[in-house]
Amino acid sequence: MTKIKKRPNNIGLLLLGGVLGLPAGIILSAFFPEGSAMRVIAGLGGIAAPPVAVLMYSNKKWAEYVQHMLAEYEVTKEQLRKNPGSAQAREAMLQTGRAYYSCMREEGVPTIYDEQAINNDMKAILGT
């Protein structure tokens with residue numbers, strides 16, 4: 001089972017992108033004459049582009065992680081379907097279900113409604 005990750009901190013990523021973007025903005029603005037509008041636009045674009053790129057990359061990686069957790073949850077549900085009497089299959093489904101729902105919550109903890117959804121999935125599989 002995969003270790004539960006916590007959602008990335010966007011403020012930290014924005015600061016990192018800003019630190020990377022400041023030198024780029026300064027360098028880009030140096031290519032245009034003093035006082036020109038293009039110098040301002042190039043500088044601001046150079047400063048803004050890295051934070052946006054860092055956030056887009058982070059969001060893409062997070063979406064891939066959530067999809068991976070969903071796939072793991074589906075695998076454990078299928079294992080429970082094949083072995084309905086297995087306590088290990090039930091425990092694996094509970095753990096992966098909690099991990100999947102945790103990554104969808106800001107606090108990183110499944111809610112009571114998430115627990116109920118996992119319980120409902122288990123009941124549907126077991127026919128109880």
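This is a short talk on the salt bridges, the nonpolar surface patch, the aromatic pairs and a few single residues of the structure shown above.

Before I begin, please keep in mind that this is a predicted model, in which local features need pLDDT of at least 70 and side-chain atom pairs count only at pLDDT 80 or more, while totals for chains, interfaces and linings use all residues. Residues are numbered from 1 along each chain as its sequence is written, and side-chain values use heavy atoms, with hydrogens and water left out.

Let me start with charge. Side chains of opposite charge can pair when their charged atoms come close. I will speak of a salt bridge where a side-chain nitrogen of Lys or Arg lies within 4 Å of a carboxyl oxygen of Asp or Glu, and the structure holds 8 of these salt bridges. I will also call a residue buried when its relative accessible area is under 20%, exposed when it is over 50%, and partly exposed in between, using a 1.4 Å probe and protein chains only. Helices, finally, are DSSP runs of H or I with at least four residues, numbered from the N terminus.

One of the salt bridges joins R39 to E34, with 2.9 Å between the closest N and O atoms. In this pair R39 is partly exposed, at 23% relative accessibility, whereas E34, at 71%, is exposed.

A further salt bridge, at 3.1 Å from N to O, brings together the side chains of E64 and K60. Both residues belong to helix α2, which covers residues 37-82, and they sit 4 residues apart, about one turn of the helix. E64 is partly exposed at 37% relative accessibility, and K60 is partly exposed as well, at 49%. K60 and E64 are also linked with K61 in a network of salt bridges.

How far apart are the closest N and O atoms in the salt bridge between D121 and K77? They are 3.7 Å apart. Because D121 lies in helix α4 (residues 112-126) and K77 in helix α2, this pair ties together parts that are 44 residues apart in sequence. D121 counts as partly exposed at 22% relative accessibility, while K77, at 10%, is buried.

I turn now to the nonpolar surface. L22, I26, V40, L44 and I47 make a nonpolar patch of about 450 Å². For such a patch, residues must have over 30% relative accessible area and no salt bridge, and nonpolar side chains (Val, Leu, Ile, Met, Phe, Trp, Tyr) are joined within 5 Å, whereas like charges are joined within 9 Å; the areas come from the Shrake-Rupley method with a 1.4 Å probe, and for residues only the protein chains shown count as cover. Helix α1 (10-29) and helix α2 each supply at least two residues of the patch, and the largest share, 3 residues, comes from α2. Among the patch residues, L22 lies in α1 and is partly exposed at 45% relative accessibility.

L13 is another residue of helix α1, but at 17% relative accessible area L13 is buried. Taking contact to mean heavy atoms within 4.5 Å, and not counting residues up to four places away in sequence, L13 touches P8, V54, L55 and S58.

Next come the aromatic side chains. Rings of Phe, Tyr and Trp (its six-membered ring) pair if their centres lie within 6.5 Å, with planes under 30 degrees apart called stacked, over 60 edge-to-face and the rest tilted. By this rule there are 4 aromatic pairs. One of them is Y73 with Y101, an edge-to-face pair at 6.3 Å centre to centre and 70 degrees between the planes. Since Y73 lies in helix α2 and Y101 in helix α3 (residues 87-102), the pair ties together parts that are 28 residues apart in sequence. Both rings belong to buried residues, with Y73 at 1% and Y101 at 14% relative accessibility. Together with Y100, Y73 and Y101 form one aromatic cluster.

What covers the buried residues of α3? The cover includes α2 and α4, and the buried residues themselves are A89, M93, T96, G97, A99, Y100, Y101 and S102.

I close with D114, whose place is in helix α4. Is D114 buried or exposed? At 3% relative accessibility, D114 counts as buried. Leaving aside neighbours within four places in sequence, D114 is in contact with Y101 and R105.
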